[in-house]
Amino acid sequence: MTDTPTHCPYCALQCGMNLGGGPAPAGAVRPGSGPPLRVTPRADVPANQGGLCQKGWTSAEVLTVPDRLTTPLMRARRGAPLEPCTWDRALDRIAAEARRLRDAHGPDAVAVFGGGGLTNEKAYQLGKFARIALGTSQIDYNGRFCMSSAAAATGRAFGMDRGLPGPITDLAAADAILLVGGNVAETMPPFMRHVTAMQRAGGAFVVVDPRRTATARQADLHLQPTPGTDLALANGMLHLALTEGLVDEEYVAARTNGFAAVRTVVNSYWPDRVERITGVPVPHMREAVRLLARGRRSYVLTARGAEQHARGVDMVTALINLALALGLPGREGSGYGCLTGQGNGQGGREHGQKADQLPGYRKIDDPAARAHVAAVWGVDPAVLPGPGRSAYELLSALGTAGGPRMLLLFGSNPVVSAPRAAAVEERLDALEFLVAADFVLSETAARADVVLPTAQWAEESGTMTNLEGRVLRRRRAVPPPDGVRTDLEIIAALAGRLDAPGVWSAEPAEVFDELRAASAGGLADYSGITYERIEREGGVFWPCPSPEHPGTPRPFLDRFATPDGRARFTPVEHSGAVEDVDADYPVYLTTGRVLAQYQSGAQTRRVRPLTDAAPEAFVEMHPDLAERLGIDDGADVRVASRRGTATVRARLTDAIRHDTVFMPFHWAGEGRANLLTNPALDPVSRMPEFKVCAVRLEPVAAPRASQIDEPGAAREPSGASR
Ligand SMILES: Nc1nc2c(c(=O)[nH]1)N[C@H]1C(S)=C(S)[C@@H](COP(=O)(O)OP(=O)(O)OC[C@H]3O[C@@H](n4cnc5c(=O)[nH]c(N)nc54)[C@H](O)[C@@H]3O)O[C@H]1N2
Ligand SMILES: Nc1nc2c(c(=O)[nH]1)N[C@H]1C(S)=C(S)[C@@H](COP(=O)(O)OP(=O)(O)OC[C@H]3O[C@@H](n4cnc5c(=O)[nH]c(N)nc54)[C@H](O)[C@@H]3O)O[C@H]1N2
Ligand code: SF4
Ligand SMILES: [Mo]
């Protein structure tokens, strides 16, 4: 069997890999044993340059997990067991339920929830399916939990939202990178090559994270703020830039609008006031600003730590303001960038699975956008619904009066990954009908009335848009197992049963051609991109409005995508986390990821080398805090917030602040971090506050002898001060 060049199924780095035969390259370490397809890294892909992380190396094992779904499953009624059935019965039943509920309650009675791991073709087709096969406005996706704050902030500042401002290899030539709220050494390990290359050439790596992560340990400077205070930190750094004369006044005058109002606001962010809010010493802030400003070829990068807040858009805006004041965006080899998360986190938010969106990053309430897309779809613009609910609002409306009564889920596992997950479970159970398409029985699929077994990445083709904005080919290496269909085949079959207007191809290349036409003239214009070009050129950067157009690796060099071509400053003020610590819940909880697990864990918890490396849920805490609470390393701990209680293993480390604990969200059941998280939403992006809420911790077992004479000591920890 010959090698098939493709990309990893997991994160947005979209590392290049070959699937197939041939010996592994000498020296390659591959954990695990005997996947059906041999994975070898590709050296010709700039993002990974021959590297892969442990998840990538073992990705092929998910193709043959013992509990892989290979037949549709259906319940005769709620409460009855899931039982195998034929495709015809499953699809007929779904179509019949959709019709029944639509006829009785209107088209918004049926909802769709998508994912940022879906190919561009699927994301596009799912959005089209919702709007013209179901006629529903009720569609959103898990990217709302991921990139939405950065997307809204960059849209506001630059007029366009596209991950990194240029090719990833540009990073190596930077003077400095300020990475705020990203643990790339664990979340996209080969990314560190680019950082290391920069450091070797004399560039400085500055990391802002409440934890001294693997990433922070490689930093030249680590700022360790209280969660939820990045906005104050950014305003404080801009204040210092002004007092030290580091603002690029010429650039500000030539390429931006609105700096005066920002100048006024940051005036009151005195260094020692900011130190009090953030806990970051003033000399560290000063050094960070100096490093960033020294050569005007620097990057401000954000990831989820800075973005997953109920004020996430403003958090990112404050950091963009800093980047703009230093004159970084719109210059080659510098700028602001957001690190996209999921495999197709970027493309998945461009082609219409978002509640307010049509393909090509168009607004669904824009009459010109509606007319263009309706013409491509062969329908009257008047039949297109308006904007629907955002992800968490959609999930919380399920089964309520006036909310959707049926949900079709493609590519997400919200029982584990949505905030306040226990309440989301209740909403899912209140539905009249739940459909999940997945290749394994995820915790959410296990609650469905019909489960549809779908093909995996190596069994289908399509395109993915990586964190650089580069559109890549995913190639089919093996056929799907018997009984399994692709998402595109499922969508086409359902559209047929619902008598949907227009063409419903299940061929990725044909769907991509339609996507190109639908995106033409939009912000995310893919019309000049073809499968052949991607293959020949190793990927094409959007926007790419014609076959002759070279693509756009660095979009803002001449002008920003705003109407007047200038970037926009927006003044923003610090207000802190929605839920602050108090006597009852005295410790901050933040959440995130570990290297060996991916997202809700539906895939990676089924791969032996990965579960060996990261077997169970835990809470990371400082030994001093643990001591005060009578918690031993490795002991079971009850972590309680106003939403619920989780039970997990304590892991002590002095790499975290005294006032903060950290839980990864990859595990199901009683160790779920999302039993605790606060679903407070950002007013603009509708991003939940995943990264900070208030909790109380107590040992599960009887307190140790030293605590017994202090009644209540373990219940009401008083020493956990801010
Ligand atoms: N191994 C692995 N890799 C992944 C994923 C995975 O699940 N597992 N998921 C992929 C996806 S979808 C995404 S979105 C990316 C996410 O990639 P990252 O954003 O790098 O991952 P997180 O662990 O969510 O958060 C990063 C850091 O933010 C810090 N943090 C928490 N609160 C704050 C805060 O208030 N301010 C600051 N400055 N930092 C804070 C945390 O301590 C954490 O170290 O990873 C992608 N890659
Ligand atoms: N507490 C806390 N919660 C978080 C976060 C956090 O930092 N903290 N991060 C949030 C972020 S950034 C994200 S992106 C979300 C992610 O969380 P989820 O949306 O739950 O993402 P996954 O676990 O990737 O779920 C994907 C599901 O779809 C299946 N799947 C994968 N590919 C396909 C496909 O092509 N087709 C179909 N039909 N199914 C497929 C997988 O088997 C899996 O069951 O979690 C969010 N939740
Ligand atoms: S860094 Fe991301 S894309 Fe690369 S191998 Fe790991 S999971 Fe896959
Ligand atoms: Mo994400």
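Here are five short exercises on this structure, each with a worked solution.

This is a predicted model, in which local features need pLDDT of at least 70 and side-chain atom pairs count only at pLDDT 80 or more, while totals for chains, interfaces and linings use all residues. Residues are numbered from 1 along each chain as its sequence is written, chains are lettered from A and ligands numbered from 1 in the order in which they are written, and side-chain values use heavy atoms, with hydrogens and water left out.

**Exercise 1: a parallel sheet**

Work out the strand order of the five-stranded open sheet, and find which strands stand at its edges.

Step 1. Start with the terms: strands (E, at least two residues) and helices (H or I, at least four) are DSSP runs numbered from the N terminus, and two strands pair if DSSP finds at least two bridges between them.

Step 2. Read off the order, which is β10-β9-β8-β12-β13, with parallel pairing.

Step 3. Look at the ends: β10 (221-223) and β13 (335-338) each have a single partner strand, so one side of each is left without a neighbour in the sheet.

Step 4. Check the twist. Neighbouring strands are turned by 15° against each other on average, direction ignored; the axes are lines fitted to C-alpha atoms (for helices over the stretch in contact), with angles running from 0 to 180 degrees between N-to-C directions.

Step 5. Zoom in on one pair: β8 (residues 176-180) and β9 (residues 204-208) pair in the parallel sense over five bridges. Leu179 has Val207 of β9 as its bridge partner.

**Exercise 2: an antiparallel sheet**

Do the same for the open sheet of three strands.

Step 1. The order is β19-β20-β21, and the pairing is antiparallel.

Step 2. β19 (462-465) and β21 are the edge strands with a single partner each, so one side of each has no neighbour in the sheet.

Step 3. Four bridges join β19 to β20 (residues 470-474), and Thr465 has Val471 in β20 as its bridge partner.

**Exercise 3: the largest pocket**

Describe the largest pocket by its volume and its lining.

Step 1. Fix the terms. On a 1 Å grid over the protein atoms alone, a pocket is an open set of points with protein on both sides within 12 Å along at least five of seven lines, a cavity is a set where a 1.4 Å probe fits but cannot get out, and lining residues have an atom within 4 Å of a point. Grid points are joined across faces, edges and corners, and a volume is the space filled by probe spheres set on the points.

Step 2. The largest pocket holds about 420 Å³ of space. It has 20 lining residues, and the closest to its centre are Ala151, Gly155, Lys354, Tyr361 and Lys363.

Step 3. α4 gives the most to this lining, with five residues; α4 (148-158) and β15 (362-363) each supply at least two.

Step 4. Sort the lining by class: six nonpolar, seven polar and seven charged. Here Ala, Val, Leu, Ile, Met, Phe, Trp, Tyr, Cys and Pro count as nonpolar, Asp, Glu, Lys and Arg as charged, and the others, Gly among them, as polar.

Step 5. Domain 2 (73-145 + 344-541) and domain 3 (148-338) each give at least three residues to the lining, with bounds from an automatic or database domain assignment.

**Exercise 4: the cavities**

How many cavities of 30 Å³ or more does the structure hold, and what lines the second largest cavity?

Step 1. The count is seven.

Step 2. The largest cavity has a volume of about 730 Å³. Among its 40 lining residues, Asn142, Gln342, Gly411, Tyr598 and Gln603 are the closest to its centre.

Step 3. The second largest cavity has about 510 Å³ of space. Of its 39 lining residues, the closest to the centre are Gly181, Asn183, Thr187, Arg304 and Arg593.

Step 4. α5 (184-187), α13 (304-307) and β23 (587-592) give two or more residues to that second lining, which has 14 nonpolar, 17 polar and eight charged residues.

**Exercise 5: unusual backbone**

Locate the cis peptide bond and the non-glycine residue with a positive phi.

Step 1. Recall that most residues other than glycine have a negative phi, and most peptide bonds are trans.

Step 2. The bond from Trp542 to Pro543 is cis, with omega near -5°. Pro543 sits in the loop between β21 (540-541) and β22 (567-568).

Step 3. Gln49 has a positive phi of about 40°, and its place is in the loop between β3 (38-41) and α1 (54-57).
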